[in-house]
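Here's a quick walk through a few helices and how they pack. Have a look at the model first, then read on.

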Amino acid sequence: QQVARLRPLAFARAHALDPDRLVDACLRAAHHGLLVLLWDVLCPLCRVPADFVESLQALKDHGRCPSCNVDFPLDFAQSLELVFRVSPEVRESETRTYCVGGPAFAPHVVAQLRLAAGERLNVDLALGNGAYKIRSPQLPYARSLQVSSGGRAYRASFRFGAEAAADETRALLAPGNQALALENLLEHEIVVRIERAAPREDALTAARAACLASFRRLFPGEVLASGRLVAVGRTAFLVTSVHEQRAMLAELGDVRTFEQVLQVLSLLEEIVADEGGAVVKTASGATLSAFDSAAAAVAAALRVRARLDATNPTPALDVRIVVHQGPAVAATFDGRLDYFGRTLETATDLLLHAPPKRVLLSDTLAQDPGALRELEATGHNRELIDVGSLGGFAMLLGTA
């Protein structure tokens with residue numbers, strides 16, 4: 001399984017390696033044919049691969065998990081993980097699933113049992129700290145169980161009927177040995193599972209991969225099928241624009257203006273890639289860059305602003321910078337993976353409120369915990385301005 005599905009972030013954690021460098025190494029290895037790039041389709045309930053595809057173009061509108069017996073829409077941030085398989089020319093490996101109900105395929109399942117109609121069973125467990133779900137694939141709801149040092153009880157009861165009971169939504173137990181009483185109130189048999197509810201934090205999601213400059217550079221053909229839209233979840237966007245470009249052309253001429261804009265684009269690509277993002281597109285002196293992390297987007301924006309100010313460009317060159325965050329959809333446009341949606345429109349509109357030599361953060365992004373930590377670390381001056389219908393207020397960074 002490790003050879004057939006190499007998960008770079010999990011591998012990096014297990015072997016104390018730098019995750020960003022390992023991801024880059026895997027992408028380069030796949031580009032040169034040592035590894036094969038694959039996409040795991042993750043079930044949103046059990047967070048276990050329900051299927052895999054060999055390219056984004058092969059994605060369907062929905063996935064299906066035979067273990068949980070559910071259909072689900074595909075999402076770059078939740079249901080698609082980039083994994084790697086050793087090339088068949090290096091070593092043979094199998095990517096098929098031999099038993100969908102096998103324990104190796106469902107490591108999140110702590111226990112599974114069948115309850116006959118009207119049956120009540122006691123289950124002895126030894127659960128560590130964490131969040132758990134107690135659910136049945138035949139029922140549309142799940143019970144929540146939290147195990148933590150703050151718990152005092154070691155026993156809990158859960159009943160399963162046609163509808164969820166309001167008084168059984170959540171239970172808190174102490175770590176150690178627990179006893180659960182499970183009762184089936186229905187007139188037919190059900191399967192009950194006790195599952196770890198922790199998300200796969202070590203998943204290299206499609207949303208994160210699409211924000212990597214190396215992924216876009218090495219795999220330009222990894223795009224969605226024409227006309228297909230896929231949600232990408234919460235993404236941070238850095239938007240820049242050369243202000244008053246017509247006046248700049250009139251003052252400097254075509255050649256000198258082109259040289260100045262090209263220097264800005266080169267500088268931007270360097271810093272964005274260094275901060276873990278990717279320049280998605282450029283047009284008429286404007287750029288759009290995507291980041292999986294709000295903190296990285298803020299760091300990149302501040303570095304770009306500082307480098308532009310330090311190089312003392314001609315006064316005619318006025319670059320406006322905005323950072324915004326929100327949901328978007330991915331689609332293929334002009335042969336590349338692109339982003340669309342209200343978040344992008346708002347980020348572009350905010351450029352009208354961005355003054356020179358400052359960085360404008362949207363209210364949504366400025367409240368992100370990672371962005372706040374980055375702001376605390378840099379110590380830049382902050383000023384709130386009213387941007388009206390575009391989000392109420394935005395934050396300016398730097399000196400006026």
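## Helix α9 and its neighbours

Right after α9 comes G379, a residue with a positive phi near 70°. Keep in mind that this is a predicted model.

At the other end, where α9 starts, D368 puts a side-chain oxygen within 2.9 Å of the backbone nitrogen of G370. So which residues of α9 are buried? They are G370, A371 and L375. These residues sit on the same side of α9, because they cover an arc of only 140° around the axis. Flip to the other side of α9 and you'll find P369, R373, E376 and A377 exposed.

Now for the packing. Helix α6 makes contacts with α9 and with α5, and here is how the two pairs look:

| Pair | Axis distance | Angle | Handedness |
|---|---|---|---|
| α6 (residues 294–310) and α9 (residues 369–378) | within 7 Å | roughly 35° | right-handed |
| α5 (residues 245–274) and α6 | 9 Å | about 145° | right-handed |

Where α6 meets α9, the α6 side brings A294, A295, V298, A299 and L302, and the α9 side brings G370, A371, E374, L375 and T378. Sorted by class, that contact has seven nonpolar, two polar and one charged residues.

The α5 contact uses another set of α6 residues: A300, R303, V304, R307 and L308. Their partners in α5 are V264, L267, L268, E270, I271 and D274. Here the split is seven nonpolar, no polar and four charged.

Technical notes
Residues numbered from 1 in each chain as written. Predicted model: local features only at pLDDT ≥ 70, side-chain atom pairs only at ≥ 80, totals over all residues. Heavy atoms only, no water. Axes fitted to C-alpha atoms, helices over the stretch in contact; angles between N-to-C directions. Helix = DSSP H or I, 4+ residues; strand = E, 2+ residues; numbered from the N terminus. Left-handed = near helix turned anticlockwise from the far one by under 90°. Contact = heavy atoms within 4.5 Å. Nonpolar A, V, L, I, M, F, W, Y, C, P; charged D, E, K, R; others polar. Buried < 20%, exposed > 50% of the residue type's maximum accessible area, 1.4 Å probe, protein only. Arc of directions from axis to C-beta. Polar contact = N/O pair within 3.5 Å; in protein donor to acceptor, adjacent residues only side chain to side chain.
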